[in-house]
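These are my notebook entries on a structure that I had not examined before. I record what I looked up, entry by entry.

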Amino acid sequence: RVFLRAVNQFTSVLNRFFLDQTSFELQLWNNYFHLAVAFLTHESLQLETFSQAKRSKIIKKYGDMRKEIGFKIRDMWYNLGPHKIKFIPAMVGPILEVTLVPEPELRKATIPIFFDMMQCEFNFSGNGNFHKVRGATQNQDVSLGCPCRLLEHCRKHKYLAASGEVFALLVSSLLENLLDYRTIMHDESKENRMSCTVNVL
């Protein structure tokens, strides 16, 4: 909780002094996002790994701090405005990491960030594509958490509908293979492990 308050102070200072065109500090903002993601994904905050009694006690006293910082990440991303393109593709991986946290509200808040990255690159690329986002996603060993939400966003977009749908379905297929691989990693059958590995490759 103390650490979260410190991060919130950092948030306030960034918004007040380092956001406009003349005072924008890329490294400070980059540090903020990486710090926030590291906090959110830290093992000591993964409530699902605790017993029901311990989980209830923590939630009653502190709430789920992952949600609080996750919503802050979302708000800070949208505050960036035209600066967003400077964080693509570097922030794709960290945002995807956040979507791995099995908390529905958190996933619902962060999936639109990923779509916004696609849209941002599409608008700024000059040739209407999102190759950087696509490439960064393919290089990650993390999932989108819920590709169907990404698919919904793409289908509603005038220009991203076709290419976005193809991409979302590709990610969905990759996610299935990754989840199968994670499930069977400790399987005693070498054939099953090899089969899953080949599917991922």
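Entry on orientation. I began with one helix pair in this predicted model. I noted that α2 and α4 run roughly antiparallel to each other. The reason is the angle: I found about 155° between α2 (residues 26–40) and α4 (residues 65–79), and angles over 145 degrees count as roughly antiparallel, so the pair falls in that class. The two axes lie 9 Å apart.

Entry on handedness. I then looked up how the two helices cross, and I recorded a left-handed crossing of α2 past α4.

Entry on the contact. I asked which residues of α2 meet α4. From α2 I listed W29, Y32, F33, A36, V37, F39 and L40. Their counterparts in α4 are M65, R66, I69, G70, K72, I73, M76 and W77. I sorted the residues of this contact by type and obtained twelve nonpolar, one polar and two charged.

Entry on the whole chain. I next turned to the setting of this pair. The protein chain holds ten helices and zero strands. Followed along the sequence, its pattern reads α-α-α-α-α-α-α-α-α-α.

Entry on contacts along the sequence. I considered contacts with a separation of 6 or more, and 66% of them join residues 24 or more positions apart.

Entry on burial and surface. How much of the chain is buried? I noted that buried residues account for 40% of the 201 residues. For the accessible surface I wrote down about 11,300 Å². Carbon and sulfur atoms contribute 55% of that surface.

Note on methods:
Residues are numbered from 1 along each chain as its sequence is written. This is a predicted model: local features need pLDDT of at least 70, side-chain atom pairs count only at pLDDT 80 or more; totals for chains, interfaces and linings use all residues. Side-chain values use heavy atoms; hydrogens and water are left out. Helices (H or I, at least four residues) and strands (E, at least two) are DSSP runs, numbered from the N terminus. Buried means under 20% relative accessible area, exposed over 50%, partly exposed in between (1.4 Å probe, protein chains only). Contact means heavy atoms within 4.5 Å. Accessible areas come from the Shrake-Rupley method with a 1.4 Å probe; for residues, only the protein chains shown count as cover. Axes are lines fitted to C-alpha atoms, for helices over the stretch in contact, and angles run from 0 to 180 degrees between N-to-C directions. Angles under 35 degrees count as roughly parallel, over 145 as roughly antiparallel, 65 to 115 as roughly perpendicular and the rest as oblique. A crossing is left-handed if the near helix is turned anticlockwise from the far one by less than a right angle, and right-handed if clockwise. Ala, Val, Leu, Ile, Met, Phe, Trp, Tyr, Cys and Pro count as nonpolar, Asp, Glu, Lys and Arg as charged, and the others, Gly among them, as polar.
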